[in-house]
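This report describes the strand pairing, the nonpolar core and the ligand surroundings of one protein model. The sequence and structure are shown first.

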Amino acid sequence: MPFDFNGKKVLVTGAGGGIGRALAIALNEAGCKVYALSRTKSTLDSLVAEHPKIVPIIADVSNWNDTRRKLEDLEPLDGLVNNAGILEEMCPAIDCPKDNIVTVLNTNLLGAINCAQVVAKKMIDSKVKGSIVNISSVAGIGAFPTNLSYNVSKAGLDMVTKQFALELGPYQIRVNSVNPTLVMTPLVTNLKEGLAYEKVFNARTPMSRVAKVEEIVGPILYLLSDYSSMVSGQMHPVDGGLLSNIAVKV
Ligand SMILES: NC(=O)c1ccc[n+]([C@@H]2O[C@H](COP(=O)([O-])OP(=O)(O)OC[C@H]3O[C@@H](n4cnc5c(N)ncnc54)[C@H](OP(=O)(O)O)[C@@H]3O)[C@@H](O)[C@H]2O)c1
């Protein structure tokens with residue numbers, strides 16, 4: 001990757017596995033000081049063992065107060081990637097239990113708002129022209145069956161992007177969403193429907209395939225970098241054309 005993040009400091013949430021881990025490694029290799037936040041100590045331990053310059057933060061973003069305390073101790077940052085996200089049990093919208101909705105919103109939506117508030121305040125106070133990237137989903141733009149809580153959380157996250165972009169723009173802080181299509185990370189492969197989803201997405205996607213982790217990491221690096229210095233408040237579907245297609249592939 002041709003990105004140079006020397007001298008930059010970026011916090012990645014959900015950095016223990018999947019997209020977040022690959023992003024933390026790519027940023028580290030591009031010279032960035034990376035704060036890697038995740039909830040499971042063992043995955044962060046292995047990340048730091050492989051990449052000793054990465055600074056681990058063990059926190060569960062669904063715990064508002066604990067996460068806030070930990071982030072308030074950090075130095076001002078140049079970037080934040082709100083990547084931590086979960087899926088709960090799939091169920092029809094009319095039967096979706098309140099616990100399922102509350103659990104998903106607490107991590108995917110409130111967790112991101114909390115981190116953005118703390119990091120953005122420090123950016124403003126220290127006059128950093130920072131960049132915040134929210135990892136949303138194509139499922140925040142188009143409905144996908146039996147996934148009410150997740151889809152609503154990602155649609156809400158896209159509004160977080162627009163709202164923060166509006167209010168932080170005067171400080172030259174940019175806020176954007178990346179909206180990936182399916183990526184075969186543990187989030188998906190741990191689901192019993194995971195492999196079936198890959199077939200469904202392949203059938204609707206003009207490029208006939210799902211995304212690789214590095215194909216999501218690249219656009220995130222772009223949005224964190226000065227190459228996107230006038231891009232703010234935008235959704236960035238990374239979907240092989242999926243959302244532009246209203247038919248099963250011809
Ligand atoms: N994979 C896809 O198809 C896809 C598509 C569109 C959007 N996305 C979005 O991309 C982001 C990353 O997904 P992924 O596929 O890389 O997921 P993943 O493989 O499940 O990895 C997610 C990472 O986030 C951590 N995490 C989860 N909840 C957390 C919390 N409350 N606090 C702190 N860390 C937490 C997990 O920690 P543990 O190790 O403790 O579980 C894990 O390390 C998510 O926001 C997801 O919604 C994914």
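## Strand pairing

In this predicted model, strand β2 pairs with strand β3 (residues 55-58) through four bridges, and the two run parallel. Leu37 has Ile57 in β3 as its bridge partner. Between these strands the chain passes through helix α2 (residues 41-50), going from β2 to β3 in a right-handed β-α-β crossover.

β2 is also paired with strand β1 (residues 9-13), again in parallel, by five bridges. Here Val12 is placed opposite Ala36 of β2. The connection from β1 to β2 runs through α1, and this β-α-β crossover is right-handed as well. The two pairings are set out below.

| Strand pair | Bridges | Direction | Residues facing each other | Helix in the crossover |
|---|---|---|---|---|
| β1 and β2 | five bridges | parallel | Val12 and Ala36 | α1 |
| β2 and β3 | four bridges | parallel | Leu37 and Ile57 | α2 |

Strand β2 covers residues 33-38, and five of its six residues are buried, so the strand is largely enclosed by the rest of the structure.

## Nonpolar core

In soluble globular proteins, nonpolar side chains tend to be buried together. The largest nonpolar core of this model contains 61 residues. Val12, Leu23, Ala36, Val119 and Ile220 have the most contacts inside this core. Among the elements, α4 makes the greatest contribution, with nine residues. Two of the residues just named, Val12 and Ala36, are also the ones that stand opposite each other in the β1 and β2 pairing.

Which residues does Val119 contact, once its neighbours within four places in sequence are left aside? They are Leu11, Leu71, Leu77, Leu80 and Ile132.

## Ligand surroundings

The ligand is surrounded by 29 residues, of which Gly14, Gly16, Gly18, Gly85 and Thr185 are the closest. Three elements give two or more residues to this shell: α1 (18-29), α4 (98-125) and α6 (186-189). Sorted by class, the shell consists of 16 polar, 11 nonpolar and two charged residues. Helix α4 thus appears in both settings: it gives residues to the shell around the ligand and gives the most to the largest nonpolar core.

## The segment before β1

Asn6 belongs to the segment that precedes β1. Asn6 is exposed, because 9 other C-beta atoms lie within 10 Å, and a residue with 12 or fewer counts as exposed. Asn6 and Leu27 are separated by 21 residues in sequence, while their C-alpha atoms are 9.3 Å apart in space.

Technical notes
Residues numbered from 1 in each chain as written. Predicted model: local features only at pLDDT ≥ 70, side-chain atom pairs only at ≥ 80, totals over all residues. Near = placed C-beta within 6 Å. Nonpolar A, V, L, I, M, F, W, Y, C, P; charged D, E, K, R; others polar. Core = buried A, V, L, I, M, F, W, Y, C linked by C-beta atoms within 7 Å. Buried ≥ 20, exposed ≤ 12 C-beta atoms within 10 Å, placed from the backbone. Contact = placed C-beta atoms within 7 Å. Pairing = 2+ DSSP bridges. Right-handed = clockwise from strand over helix to strand, strands pointing away.
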